[in-house]
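Me: I've got a structure open and would like to talk through some of its details. Can you walk me through it?

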Amino acid sequence: MKIHHKKLLPLALILALSACGEAGLEKEPSGTLTEAEVQTIENLDGLVTAAYSYIGNDHYTAPNFLWPTGNLRAGDAHKGGNGPSDIFVYHALSMYNLIVPDMASFPPDFVDLNDKKWQRNYTAISRANTALRTMADVSDADYPQKAIRQGELHFLRGLVYFDLKIHHKHVPYIDENVPQDDIKNISNMQFSDQELWDLIVTDFRIAAEKLPPTQTQVGRAAKFAAKAMLAKALLYQAYVQNDTHAVVSIDQAKLREVVSLVEEIEASGLYGLLSDYGDNFLPQFDNNKESVFAIQRSVDDGSVEGNGGRGSWPTALNYPVGNSGFGCCGFHIPTENFVNSFKTQNGLPYDAANNANYKLSDPVDPRLDHTVSMEGKPFKYSTGTGPTAVHQGNAWARNPATYGSYVSMKELVSRDSPALAQNGPFFISSMNTVLVRYADVLLWKAEALIELGRQDEALPIINSLRTRAANSQGRLVGTGSTYRISTYSSFADQEAARKALRIERRLELGLEGYRFFDLVRWGVAKSTIDAYLAVEGGRKPYLQSASFTAGRDEYLPIPQQQINLSRGLYQQLLGY
């Protein structure tokens with residue numbers, strides 16, 4: 001079953017124990033129940049459910065599907081919408097040099113979305129801490145699920161801190177053991193970069209130790225999801241950065257542990273690649289064997305009056321407009337640079353792919369048509385011929401002169417899908433948001449092996465994904481595309497393997513929200529973005545004034561509102 005948010009409605013008083021944001025952690029709410037009063041099995045389980053709810057209680061202004069920060073900043077997508085002023089802060093993300101600590105100073109938004117996501121993340125952490133602290137004094141005999149629930153809470157808290165870490169680098173770390181009065185004394189610089197990673201890694205280690213291999217309720221974290229996130233955190237930590245975010249060394253021991261953890265996940269037999277790549281992005285295949293951990297979405301379940309349920313609000317801006325059958329809002333537009341990267345030569349990625357824009361006669365990797373909808377091709381595997389089934393070019397775009405007419409398709413469902421719901425002009429769906437996909441896990445192992453100099457062992461991993469892609473053409477009816485994809489016979493050396501791995505991550509995980517964070521982890525954000533802007537700026541004039549500053553733009557600033565609330569205790573990142 002999915003964890004529907006209907007279950008949380010009776011917990012209104014209990015949830016008052018959780019503060020609303022970092023500043024709220026310092027205040028004792030009035031008119032609420034004490035922690036001792038909620039130490040019953042039902043209420044303790046309710047506190048855990050409340051912690052789960054917060055990762056799914058996201059929105060396009062503070063999403064846990066990271067299309068704004070992971071795709072716009074990577075050169076894989078344009079903001080879209082009705083020009084730069086339409087959610088201006090997302091335009092700023094695309095321009096890099098426009099990002100400032102006080103994003104609320106930019107009209108016409110007047111809302112600091114950077115600060116909003118920060119507050120929501122710390123609210124989620126507060127919920128996890130409240131639950132851990134409340135159940136600490138309850139015996140295992142009185143609460144038989146205690147250890148498992150503690151493992152889930154450590155997993156959820158680790159997820160949120162991981163999100164904060166990859167966005168801001170230096171953030172305050174607060175766990176359930178921090179006394180209320182001490183919270184106001186904790187700086188975002190209390191721990192070094194590596195020490196903060198250690199704390200996040202510890203949460204996932206505890207989770208992996210406490211959690212069972214499987215859970216009876218779909219959606220709850222289990223042991224190997226924790227091991228996967230542990231591997232991911234260690235992979236990021238292995239690329240040691242200096243104060244200006246340059247990679248200065250790669251920790252080989254951590255890479256070896258990444259390989260070992262992924263091998264444990266493989267050996268569990270619980271996960272595998274789906275035979276058709278496209279099944280990962282259809283709601284009828286939610287919670288499949290490739291989904292290691294996902295946010296459970298719902299619509300029309302009665303959980304929230306007036307909006308149809310807890311659907312995929314982070315994607316509500318991303319549906320096409322015009323005669324598409326949707327009508328709102330035309331955001332998250334794939335770039336030509338991204339689309340061109342799917343071109344192949346002799347079945348392998350084409351080095352000169354971005355010298356000219358993609359045309360239908362170009363041989364391409366089939367994953368292009370699973371990822372990007374474009375003029376004349378069916379939308380989301382439709383077999384119809386009407387205007388809502390086949391992409392109609394500029395008629396489906398809100399501002400094609402600025403951004404083009406491509407549509408990012410993975411996160412969307414078809415117009416006739418029973419998973420779809422409408423709230424005013426917005427469309428949401430019950431399709432899960434997958435946070436850990438098994439293909440991604442395999443690529444972590446391949447990356448670690450390559451950086452360990454064991455590229456021959458990474459070859460079959462990368463080839464397995466390319467083989468799956470080659471065999472995933474059954475749903476791609478009526479595209480008119482020429483598909484040509486082959487596997488690598490060998491890697492000439494470590495650098496060739498590294499290049500293949502990085503391209504494969506872009507193709508396999510395209511527009512899933514990871515790309516920019518990959519570039520920062522590898523220490524190549526500056527060179528990659530500069531190359532992107534040099535070409536894409538000629539295609540999209542709005543980008544001609546964009547510029548990426550190394551040592552600053554790898555991370556978002558600490559929100560100025562949080563620095564103010566800390567009375568200057570928090571320190572701003574260099575360059576801001």
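**Helices, buried spots and odd backbone angles**

Reply: Sure, and let's start where a helix stops: right after H6 comes Lys-169, which has a positive phi near 70°. Keep in mind that this is a predicted model.

Me: How many of the 23 residues of H6 are buried?
Reply: H6 covers residues 146-168, and its first and last C-alpha atoms lie 33 Å apart, close to the 33 Å expected at 1.5 Å a residue. The helix is largely enclosed by the rest of the structure, because its buried residues number 21 of the 23.

Me: And H5, how far apart are its end C-alpha atoms?
Reply: H5 runs over residues 113-135, and 20 of its 23 residues are buried, so the rest of the structure largely encloses it. At 1.5 Å a residue it should span 33 Å, which agrees with the distance between its end C-alpha atoms, 33 Å.

Me: Which backbone nitrogen does a side-chain oxygen of Asp-112 reach at the start of H5?
Reply: Just ahead of that, the loop between H4 and H5 holds Pro-108, and the peptide bond leading from Pro-107 to Pro-108 is cis, with omega near 5°. At the start of H5, the Asp-112 oxygen comes to within 3.2 Å of the backbone nitrogen of Asn-114.

Me: What is the handedness of the crossing of H9 and H13?
Reply: The two helices, residues 252-268 and 438-451, pack at an angle of about 145° with their axes 9 Å apart. Residues that meet include Leu-255, Val-258 and Val-262 in H9, and Val-441, Leu-442 and Trp-444 in H13. The contact residues split into eleven nonpolar, one polar and four charged. As for the crossing, H9 passes H13 left-handed.

Me: Which side chain makes a polar contact with the side chain of Asp-76?
Reply: Asp-76 sits in the loop between H3 and strand E1. Its relative accessibility is 1%, so it counts as buried. Leaving out residues up to four places away in sequence, it touches several others, among them Asn-71, Phe-338 and Arg-515. The polar contact, at 2.6 Å, is with the side chain of Arg-506.

Me: Is Pro-68 buried or exposed?
Reply: Pro-68 belongs to helix H3. Beyond its neighbours within four places in sequence, it contacts Pro-63, Arg-73, Tyr-90 and Leu-93. Its relative accessibility is 1%, and the cut-off for buried is under 20%, so Pro-68 is buried.

Me: Which backbone oxygen does the side chain of Thr-344 reach?
Reply: Thr-344 is part of strand E6, and at a relative accessible area of 7% it is buried. Apart from neighbours within four places in sequence, its contacts include Tyr-350, Pro-363 and Asp-365. At 2.8 Å, its side chain reaches the backbone oxygen of Arg-484.

Me: What about Asn-346, is it buried or exposed?
Reply: Asn-346 lies in the loop between E6 and E7. It isn't a glycine, yet its phi is positive, about 55°. With a relative accessible area of 71%, which is over the 50% cut-off, Asn-346 is exposed.

Me: And Lys-380, buried or exposed?
Reply: Lys-380 is in the loop between strand E9 and helix H12, and its phi is also a positive value, near 50°. Its relative accessible area is 6%, so Lys-380 is buried.

Me: One last thing: what is omega near for the peptide bond from Cys-328 to Cys-329?
Reply: Cys-329 is located in the loop between strands E4 and E5. The bond is cis, and its omega is near 10°.

Notes
Residues are numbered from 1 along each chain as its sequence is written. This is a predicted model: local features need pLDDT of at least 70, side-chain atom pairs count only at pLDDT 80 or more; totals for chains, interfaces and linings use all residues. Side-chain values use heavy atoms; hydrogens and water are left out. Helices (H or I, at least four residues) and strands (E, at least two) are DSSP runs, numbered from the N terminus. The expected span of a helix is 1.5 Å times one less than its number of residues. Buried means under 20% relative accessible area, exposed over 50%, partly exposed in between (1.4 Å probe, protein chains only). A polar contact is a pair of N or O atoms within 3.5 Å; within protein, one must be able to donate a hydrogen and the other to accept it, and residues adjacent in sequence count only if both atoms are side-chain atoms. Axes are lines fitted to C-alpha atoms, for helices over the stretch in contact, and angles run from 0 to 180 degrees between N-to-C directions. A crossing is left-handed if the near helix is turned anticlockwise from the far one by less than a right angle, and right-handed if clockwise. Contact means heavy atoms within 4.5 Å. Ala, Val, Leu, Ile, Met, Phe, Trp, Tyr, Cys and Pro count as nonpolar, Asp, Glu, Lys and Arg as charged, and the others, Gly among them, as polar.
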